[in-house]
Amino acid sequence: MDQIKVLLLGDIVGVPGCTIFQKHIDRLRNEHTIDAVIVNGENAATDGLGITQKLVRFFRHNGVDVVTSGNHVWNKKEIYDYLNEHHDLLRPANYPSGVPGVGITTFKCKEHLVAVINLQGRVFMRENLDCPFRTAQTLLTILKEQTKLIFIDFHAEATAEKLGLGYFLDGQITGMVGTHTHVLTADECIFSQGTAYISDLGMAGALNSMIGMKKNILIQRFLTQLPVRFVVETEGPFIMTGVLITADTRTGKATEIKRITVVDDDITL
Ligand SMILES: [Fe+2]
Ligand SMILES: [Fe+2]
């Protein structure tokens, strides 16, 4: 069977996330014979909010094929031009038409065309976006002519919405992975029609944190309900999580999905 192995990593948060990613990506690629890498970069900026052109280049330089994102992609205004001019960084496809960037792209992997779609959820999310289910359906109708190897990063809060979209698209895509909660879930599986699924990939960042941020500040917000400024946790140990999906290139169906967790207590920033 001709197959491809794709590593998908959850939100990379700030300097801790970028550092653990850079330290381990080549080893992972060799150990697991990984053919392609997709990472969510919406929190890669030093302050954990948004992403810069320099950081997209950093990921690309380290062998990332596509950087996906989510609600935080808009935090750094300098990325707007990059989003318009390059398609290796995606923003969710279901934002209103006219916003910078695209939510779908393709790249070549071992002579095969691989497509990536980025979508954002609507449950417990502030933004009022188009229906991710219908947006996916429309995009897949166009993509079907081009390739069967299709991955979706569904950036969403609620597991029900993620599971719903996963089941809705079962058999039409190779894999659907959730992002945004920064917490790795243990529900990875392959649905009956061959689509690999996990509710959330987790993140790369400080292990003893909340979403990669200093936890005491977030606890204060719960206690007081006052607005707070999030600060990236820079104390180790650090963690990086995601999944490795193996797919049959002939059918586009997944044959294996495996969680990947790297914990490193030997990084000084
Ligand atoms: Fe995030
Ligand atoms: Fe997010």
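Which residues have the most contacts inside the largest nonpolar core? In this predicted model, the largest nonpolar core comprises 69 residues, and those with the most contacts inside it are Leu8, Ile38, Ile117 and Ala204. The largest share of this core, six residues, is contributed by strand β12, which spans residues 238–248. In soluble globular proteins, nonpolar side chains tend to be buried together. When neighbours within four places in sequence are set aside, leucine 8 is in contact with Ile38, Phe151, Val177, Leu201, Gly242, Val243 and Ile245.

Two of these contact partners of leucine 8, Phe151 and Val177, recur in the pairing of strand β8. Strand β7 (residues 149–155) runs parallel to β8 and is joined to it by five bridges, with phenylalanine 151 standing opposite glycine 175 of β8. Together with helix α5 (residues 159–168), β7 and β8 form a right-handed β-α-β unit. Strand β8 also pairs in the parallel sense with strand β10 (residues 196–198), over three bridges, and here valine 177 stands opposite isoleucine 198 of β10.

The surroundings of β8 (residues 175–179) are consistent across the strand: five of its five residues are buried, so the strand is largely enclosed by the rest of the structure. Both of its faces are covered, with Gly175, Val177 and Thr179 buried on one side and Met176 and Gly178 buried on the other.

Helix α6 (residues 215–224) may be set beside this strand: of the ten residues of the helix, the number buried is zero, so α6 lies largely in the open. Just after α6, glutamine 225 adopts a positive phi of about 65°.

How values were computed:
Residues are numbered from 1 along each chain as its sequence is written. Chains are lettered from A and ligands numbered from 1 in the order in which they are written. This is a predicted model: local features need pLDDT of at least 70, side-chain atom pairs count only at pLDDT 80 or more; totals for chains, interfaces and linings use all residues. A residue is buried if 20 or more other C-beta atoms lie within 10 Å of its own, exposed if 12 or fewer, and partly exposed in between; C-beta atoms are placed from the backbone. Helices (H or I, at least four residues) and strands (E, at least two) are DSSP runs, numbered from the N terminus. Two strands pair if DSSP finds at least two bridges between them. A crossover is right-handed if, with the strands pointing away from the viewer, the path from the first strand over the helix to the second runs clockwise. A nonpolar core is a set of buried Ala, Val, Leu, Ile, Met, Phe, Trp, Tyr and Cys residues joined through C-beta atoms within 7 Å. Two residues are in contact if their C-beta atoms, placed from the backbone, lie within 7 Å.
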